[in-house]
Every structure is written in structure tokens, then in C-alpha cells.
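Okay, thanks everyone, I'll keep this short. Have a look at the model while I talk, and stop me if you get lost.

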Amino acid sequence: MTAKRLQGIGEYYFSQKLREIDELNRQGRQIINLGIGSPDMPPHPDVIKTLQDESAKPNVHAYQSYKGSPVLRKAIAAWYDKWYAVTLSPDREILPLIGSKEGIMHICMTYINEGDDVYVPNPGYPTYRSAAKLAGGNIIEYTLEESNNWLPDFEMLEKLIGSSNTNQPTRLLFVNYPHMPTGQLPTRSFFETLVAFAKANGLLIVHDNPYSFILNDRPASLLSVDGAREVAVELNSLSKSQNMAGWRVGMLCGAGERIDEILRFKSNMDSGMFLPVQLAAAKALMLGGDWYNSINAMYKKRREKVFALLQLLDCSFSPEQAGMFVWAKIPGTYKDGYALSDEVLYTSNVFITPGGIFGSAGRHYVRVSLCCPEQKIEESISRIKTSLKGKK
């Protein structure tokens with residue numbers, strides 16, 4: 001019998017759906033997967049070469065520091081300084097992670113007591129909810145709406161906080177901009193309002209920031225706002241911006257005392273990353289603007305194709321969204337995004353993600369990944385056109 005903490009925690013949607021897609025492929029269906037945001041291109045050749053060269057050395061295979069290699073921490077600090085104009089202490093304010101998803105769990109286990117309120121966005125990344133629930137948190141959703149540009153309604157959020165009966169010292173507020181799944185970009189004034197709101201309401205913001213370089217000319221960090229370190233920690237990742245999803249390299253940045261608190265939990269859960277991976281990650285963080293321009297040029301071309309695919313399905317969308325997905329509203333002829341997703345899967349052998357997996361506010365939306373070659377997206381368009389003709 002499983003532990004009580006797993007009650008209400010289902011298998012991750014994509015884990016379940018990929019098994020179904022595998023079964024369809026065994027039947028010869030050759031499904032094109034436009035669902036998952038895992039970059040299909042490799043990291044920069046210099047990054048791979050660094051891993052190869054370093055892993056061939058005889059003295060790099062031991063356990064590593066729980067706080068990560070100084071080389072990687074200094075590279076993270078330099079990256080934050082160059083691209084976000086944020087000065088961080090490599091020794092005190094940076095904690096390398098085995099992927100930022102790991103950090104979400106560590107933060108929850110560090111700060112959440114049984115029954116503590118945790119505010120999560122709807123729609124939003126499902127792991128915020130599941131990690132907080134596993135830690136014993138009381139999940140309170142705050143709804144994001146297209147009419148408010150997918151930004152929090154601070155007046156409504158304040159009412160939610162005011163109606164709470166708990167007297168906890170720290171409430172967690174999960175925030176994620178550029179937002180996944182909607183692609184909404186943050187503004188400087190929004191970040192400033194968010195920090196002021198957290199100070200006024202006794203919140204600790206967990207800002208999840210893995211998409212800031214994808215189809216976005218102005219990468220931004222919440223930590224660039226004055227006073228943010230008093231009320232926020234920021235997660236970041238090399239999975240998206242450096243094409244290193246399978247390498248599992250992320251980071252947590254914030255005030256030294258927060259890093260120390262979270263390290264107390266993390267150091268009891270794992271050991272440091274393989275040193276050659278850390279050194280290769282440091283190399284990745286040293287790449288210049290040409291690298292980001294090249295991957296964004298590729299994503300831009302793919303996005304145009306995805307726009308055409310969504311127009312075929314009579315979906316509406318903002319062409320201004322950032323990140324490696326396109327978020328789109330479904331036509332009223334479908335009950336919800338699940339219905340459209342299943343129809344496209346079973347009639348066209350193309351998988352797109354139903355927006356409802358990100359929360360009830362995403363029910364009438366779908367999300368299409370850009371992590372697929374242009375020719376595959378073109379093939380998806382062709383398949384959908386064929387199935388649409390068959391419906392007429």
C-alpha cells in the first residue's frame with residue numbers, strides 16, 4: 001500500500017500519454033509528437049567536446065560538492081550578470097541543481113509544513129501543484145485569464161490570501177514568466193508590482209524562469225528588481241536555452257540564507273553532479289549571442305508552420321508569445337482541448353497537448369511544441385488537411 005502523501009497524485013500526464021503513443025506506434029500509426037518541450041537539437045559542439053575531454057580524465061569521477069563546482073557557480077554568476085544584469089555571489093547565492101524540476105521539490109520540502117497554503121497558477125506547470133501536495137501543502141489556485149494577459153489578478157489574489165485561516169510564517173507563491181503554457185512575457189512593472197505584493201503579504205515567490213531566452217529578445221530575471229532577494233528565489237535551467245534537457249542541469253539563485261536553507265534538504269537527498277557535466281555546463285553558459293540567435297531563428301521558422309497548423313484547426317492565438325510552444329484557443333465546436341487533441345491524434349496521427357492538463361483555466365486551449373523539425377510539422381499539416389477533407 002502506498003504512502004498517504006501519494007493520494008490524489010496521479011501519474012504525470014505525459015508519462016501516461018507517451019505509453020499510449022508507443023502502443024499506437026506499435027500498431028504502425030507513426031505518430032508525430034508535437035506535445036513535449038524537449039529540444040530536438042544537440043548542444044553546441046564545444047559543450048559536447050568539453051564533456052568528452054573532461055570525462056576522459058582519471059581524476060573527475062569522485063563524488064562532488066553538494067554546492068556544485070566553483071567553476072559552474074562562477075559561470076552561472078557571469079551568465080546572470082551578462083544577460084540579466086543581476087550580480088550574484090557564486091559562493092553564497094547560487095545552488096546548481098540536477099534540473100530545475102528537482103529544485104521545485106527541494107523548495108517545497110524546505111518550506112512547506114502540513115496544511116500550509118501554497119499558491120499555484122491555473123493554468124500552470126503541473127509539477128508546482130504535485131510537488132507542493134507531496135510536501136503536505138494546501139493548494140490554492142490563482143486563476144490566470146487571457147483577458148488579463150495571463151498575469152495574476154493581484155486584487156483577487158489578495159482576497160485569497162486574506163480568506164486563509166492559517167497563521168504560517170511563509171506562504172509560497174509559484175510564478176513563471178515567460179509563462180508556460182501561455183507564452184506570456186513579463187514586463188518590468190509587473191515584476192516590480194509582484195515583489196511589492198509579496199512584501200506586503202508575507203509571501204516567498206518561487207520564480208521559475210527556464211524560457212527567458214526562447215523567442216524573446218529581452219531575457220529578464222525577477223532578481224533584477226530591487227528588494228526581490230528579500231522575498232523571492234529564482235529557478236533557471238539549461239534544458240531549453242542550451243538544448244541540454246537530458247543533461248539535467250539547473251540552478252537556484254537567491255539570498256544566501258535561502259540557499260543555505262534549501263541546501264539543508266538537498267544535501268540529504270542527493271550528491272553533486274558528475275564534474276564533467278558541470279564543466280560542460282559552464283562552457284554552455286559562456287556561449288555568446290550567436291548561439292541564442294541561431295536557435296531562435298530555427299524556432300521562429302517552426303512557429304510560422306505551427307501557426308498555419310493551428311489556423312487549419314480554426315484555433316486562435318497570439319503571435320507575440322515566447323517560449324518553445326504555441327498556446328491557442330480551440331473553436332467552440334469542441335467540448336474542450338482534450339476532445340480536439342484526441343481527434344487530431346486518432347484521425348491524423350498527430351499529438352498536440354490539451355490545455356486542460358495545466359489546470360481548469362486551460363480547458364479550452366491546446367499547446368503545440370516547436371521541438372520538432374520543420375518537415376515533421378509540414379507532414380502534420382498535410383495529415384490534418386487530409387483528415388479534414390475526409391470529414392466533409
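**Loops, odd backbones and a few helices**

Let's start in a loop: Asn243 sits between β7 (232-237) and β8 (250-253). One thing before I go on: this is a predicted model. Asn243 isn't a glycine, yet its phi is positive, about 55°. And is Asn243 buried or exposed? Its relative accessibility is 6%, so Asn243 counts as buried. As background, most residues other than glycine have a negative phi, and most peptide bonds are trans.

Gln30 is another non-glycine with a positive phi, about 50°. You'll find Gln30 in the loop between α1 (13-26) and β1 (32-33). Gln30 comes out at 58% relative accessibility, so we call it exposed. Then there's Asp314, just after α11, with a positive phi of about 60°.

Now the cis peptide bonds. One joins Asn122 and Pro123, with omega about 5°, and Pro123 is in the loop between β3 (117-122) and α5 (126-134). Another runs from Tyr177 to Pro178, with omega near 0°. Pro178 belongs to the loop between β5 (171-175) and α7 (188-201).

Okay, helices. α11 covers residues 289-312, and its 24 residues should span 34 Å at 1.5 Å a residue; the end C-alpha atoms are 35 Å apart, so that agrees. Its buried residues include Trp291, Tyr292, Arg302, Arg303 and Phe307.

α12, residues 337-348, has 12 residues, so we'd expect 16 Å, and the end C-alpha atoms are indeed 16 Å apart. Which residues of α12 are buried? They're Gly337, Leu340, Ser341, Val344, Leu345 and Ser348. Those cover an arc of only 130° around the axis, so they lie on the same side of α12. The general idea is that an α-helix has 3.6 residues a turn, so residues three or four places apart point the same way.

Asn349 is in the loop between α12 and β11 (350-351). At 17% relative accessibility, Asn349 counts as buried, because the cut-off is under 20%. Beyond its neighbours within four places in sequence, Asn349 contacts Arg29, Gln30, Ile31, Ile32, Val344 and Arg383. So there's our Gln30 again, in contact with Asn349.

Last one: a helix pair. The axes of α4 (residues 100-111) and α9 (residues 256-266) come within 9 Å and cross at roughly 100°, so α4 is roughly perpendicular to α9. From α4, the contact uses Glu102, His106, Ile107, Met109, Thr110 and Tyr111; from α9, Arg258, Glu261, Ile262, Phe265 and Lys266. By type, that contact has 5 nonpolar, 2 polar and 4 charged residues.

That's me done; questions?

How values were computed: Residues numbered from 1 in each chain as written. Predicted model: local features only at pLDDT ≥ 70, side-chain atom pairs only at ≥ 80, totals over all residues. Heavy atoms only, no water. Axes fitted to C-alpha atoms, helices over the stretch in contact; angles between N-to-C directions. Helix = DSSP H or I, 4+ residues; strand = E, 2+ residues; numbered from the N terminus. Parallel < 35°, antiparallel > 145°, perpendicular 65-115°, else oblique. Contact = heavy atoms within 4.5 Å. Nonpolar A, V, L, I, M, F, W, Y, C, P; charged D, E, K, R; others polar. Expected span 1.5 Å × (residues − 1). Buried < 20%, exposed > 50% of the residue type's maximum accessible area, 1.4 Å probe, protein only. Arc of directions from axis to C-beta.
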